[in-house]
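Here is a set of short questions and answers about one structure. Look at the picture, then follow the reasoning step by step.

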2 protein chains.
Amino acid sequence: MEKLTIKTSTHDYQVVIDKGLRFKLKSFINPRYQSVYIITDSNVATLYLDEVYNTLKDDFKVYYSIVPAGEESKSSHVYFDLMTQLIEAGLDRNGLIIALGGGMIGDLAGFVASTYLRGVDFIQMPTTILAHDSSVGGKVAINHPLGKNLIGAFYPPVAVIYDVDTLQTIPFREIRSGYAEIAKHSMIHQPPFWDQIIPVTLNESLDQKTLIRDLINGINVKAKIVEEDEREADIRQFLNFGHTLGHAIEAELGYGKMTHGEAVAIGMLFAMAVSEKHFKVDLPIQAFLEWLKHNNYPLTLPNLNVNKLMDRMKRDKKTKNQQIKMVLLESLGSPKMVDMDDVILRQQLETFLESMVIR
Amino acid sequence: MEKLTIKTSTHDYQVVIDKGLRFKLKSFINPRYQSVYIITDSNVATLYLDEVYNTLKDDFKVYYSIVPAGEESKSSHVYFDLMTQLIEAGLDRNGLIIALGGGMIGDLAGFVASTYLRGVDFIQMPTTILAHDSSVGGKVAINHPLGKNLIGAFYPPVAVIYDVDTLQTIPFREIRSGYAEIAKHSMIHQPPFWDQIIPVTLNESLDQKTLIRDLINGINVKAKIVEEDEREADIRQFLNFGHTLGHAIEAELGYGKMTHGEAVAIGMLFAMAVSEKHFKVDLPIQAFLEWLKHNNYPLTLPNLNVNKLMDRMKRDKKTKNQQIKMVLLESLGSPKMVDMDDVILRQQLETFLESMVIR
């Protein structure tokens, strides 16, 4: 069992990583909670809801809600429905919410927890690799038709319980999506653990030892950054490496067409290309591109409108005064926030889309 | 000019009280904010929006939204519409929201600020006496059809700017509503400032000196309590004196039928009656009742269903494990949280409604 402790401004919480944790939940949940309310999605419910429910039912009043799988559930509509269900169940401030699922569920259930009765405790139980990222750090949100995660809060969980058994049932596409964020963590951290990632082959035989090693390294990078800058005033923005274009691509394609990690991978390639020009340095773009190809990341895009992508990037939450800010790499492991010139950025984006992605 | 500083876990903020502050706003707003977004209601907009807008327009990009006056605007629908308007205006994390209005606007605009882009700064500009209470302490929320303030957050403003000129335009009913909360503050605080309240006559000639004195005393009581217990884990619950039944009456009548303060005044009478029985003490119930009558507080209610009121009280946010908790007075200035026995409470509520209110 691996354990990390994460400090926040309001409380410390543990990230526990092990096999079979869904059968040992009781030992991580304070008995003072009278009720436990599980929020999960239709995919995860089929696989693990019964097991989690049965582990808890003798010691707590247990309720649950199942929302449709997919990013569409991070909507104001589903959010308000969940609020109604919690109220009707009579969950009070002495209750605990469990977010059982991937990043979508963590964000949605976390935002519900942050605003139900002005905030109740919640536990993240991630079931995807991607959620190693989103489950740590307290960012919770729902989407707005005009942009991703525009409605949300900083609201840390009281624990992250990561049962790595659940990762064996996720589709290959989701493994790729999650590893893109691990690769990101490897690139922005000093010293980079990049050298460990580049040899990894993502397929069904990916061994659990390698996976757990990389997850822990990824969580460690994230934990150190969010401890130092919980509310994204400064260095936490480094975690958005690859996300400026990545989010814009996701939004332009329509959520769900490409996984988050796949879009971020393309965003990272772009951010590396911009970095090389900006800092006049050499970065391992080719090595990263080869790794993405080797692992079957999608590297073609439909003909996206550059103006629309620029507009999306301007609506990014990091944007201040209409000026796009990007996380660039001065070298591997040395991220910097840079204010971008609109004209230059548009030109580089055009070149990038032509030369690298659309083929 | 009166100034108080309030400490919170994240930052300190000032409460500034004076005449004509709406014309001096600039000196209280950090020039680093690039944009200012005013949220107000249709009543307040007619009176003060132009003045506030004109005071700011030379130094900031100023936007505004006007929502319909009345508690109905504290809805998920209006909340989500405001989010859309902020996004469309391009407000970023460097923007500031101003809540210009009474408690409804403070709660609504505050909740918008707490969740827009995971939180932007906001200033409370209360325009009612009642808002002396709600504008201080960081509680923000919207209503759910099943109960008041069930969706919200603890999110302190960066300043409270209280222009007491604006209080001269509020209707007499609103003065009564606000003074009920001042009376509450006077009763739960040691030493009580009750003796100052009891001689006050609430009518159009209420002099501003008395009003400002009582507002400052009220805010001081509130400030001390919320500084000690920001997230309502303990003594902050004392501020709910009179609110257990008060909220239930508001909800049963339908919001807007009786003002918040009028309902709380009846709730306080009930809490005093319960306190006398529980602690076997004498409290100045008759003096308070006379003061309420003298000032034309409504003391009759339609025939409310006791079971429904009990159910409403069980859905109160203070409730834990279905047991109603009430704030009682051991003596004037000595509030205590007490777990209530359902059977006894129902009986006392029946007696109270018969003997005191319905006539």
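**From contacts to symmetry**

In this predicted model, the side chains of A:His260 and A:Glu250 are joined by a polar contact of 2.9 Å.

Q: Why is the 2.9 Å pair of A:His260 and A:Glu250 called a polar contact?
A: The cut-off for a pair of N or O atoms is 3.5 Å. The side chains of A:His260 and A:Glu250 are joined at 2.9 Å, so the pair is within the cut-off.

Q: What makes A:His260 buried or exposed?
A: Buried means under 20% relative accessible area. A:His260 has 15%, so A:His260 is buried.

Q: Where does A:His260 lie, and which residues are in contact with A:His260?
A: A:His260 lies in helix H9 of chain A, residues 260–279. Leaving aside neighbours within four places in sequence, its contacts include A:Lys148, A:Ser177, A:Glu181 and A:His243.

Q: Which residues does UniProt place in the feature "binding site"?
A: The unreviewed UniProt entry gives A:Glu181, A:His243 and A:His260.

Q: How do you know that these residues gather at one spot?
A: They span 80 residues in sequence. Yet no two of their C-alpha atoms are more than 10.0 Å apart, so they gather at one spot.

Q: Why is A:Glu181 called buried?
A: The limit for buried is under 20%. A:Glu181 has 0% relative accessibility, so A:Glu181 counts as buried. A:Glu181 is found in helix H5, residues 172–188 of chain A. Residues up to four places away in sequence are not counted here, and A:Glu181 touches A:His132, A:Asp133 and A:Val264, among others.

Q: What makes the phi of B:Arg118 worth a look?
A: Most residues other than glycine have a negative phi. B:Arg118 is not a glycine, and its phi is positive, near 65°. B:Arg118 lies in the loop between helix H3 and strand E6 of chain B. With a relative accessible area of 4%, under 20%, B:Arg118 is buried.

Q: What is the phi of B:Glu232, and where is B:Glu232 placed?
A: B:Glu232 has a positive phi of about 60°, although it is not a glycine. Its place is in the loop between helix H7 and helix H8 of chain B. At 6% relative accessibility, B:Glu232 counts as buried.

Q: How do you know what axis relates chain B to chain A?
A: A turn of 180° and a shift of 0.0 Å along the axis lay chain B on chain A, with an RMSD of 0.0 Å. That is the relation of a two-fold axis.

Q: Why can we say that the copies meet through the same surface?
A: 98% of the interface residues of chain B are also interface residues in chain A, so the copies meet through the same surface.

Terms used:
Residues numbered from 1 in each chain as written. Chains lettered and ligands numbered in written order. Predicted model: local features only at pLDDT ≥ 70, side-chain atom pairs only at ≥ 80, totals over all residues. Heavy atoms only, no water. Least-squares fit on C-alpha atoms with pLDDT ≥ 70 in both. Contact = heavy atoms within 4.5 Å. UniProt positions renumbered as here; feature names shortened; annotations may be inferred. Helix = DSSP H or I, 4+ residues; strand = E, 2+ residues; numbered from the N terminus. Buried < 20%, exposed > 50% of the residue type's maximum accessible area, 1.4 Å probe, protein only. Polar contact = N/O pair within 3.5 Å; in protein donor to acceptor, adjacent residues only side chain to side chain.
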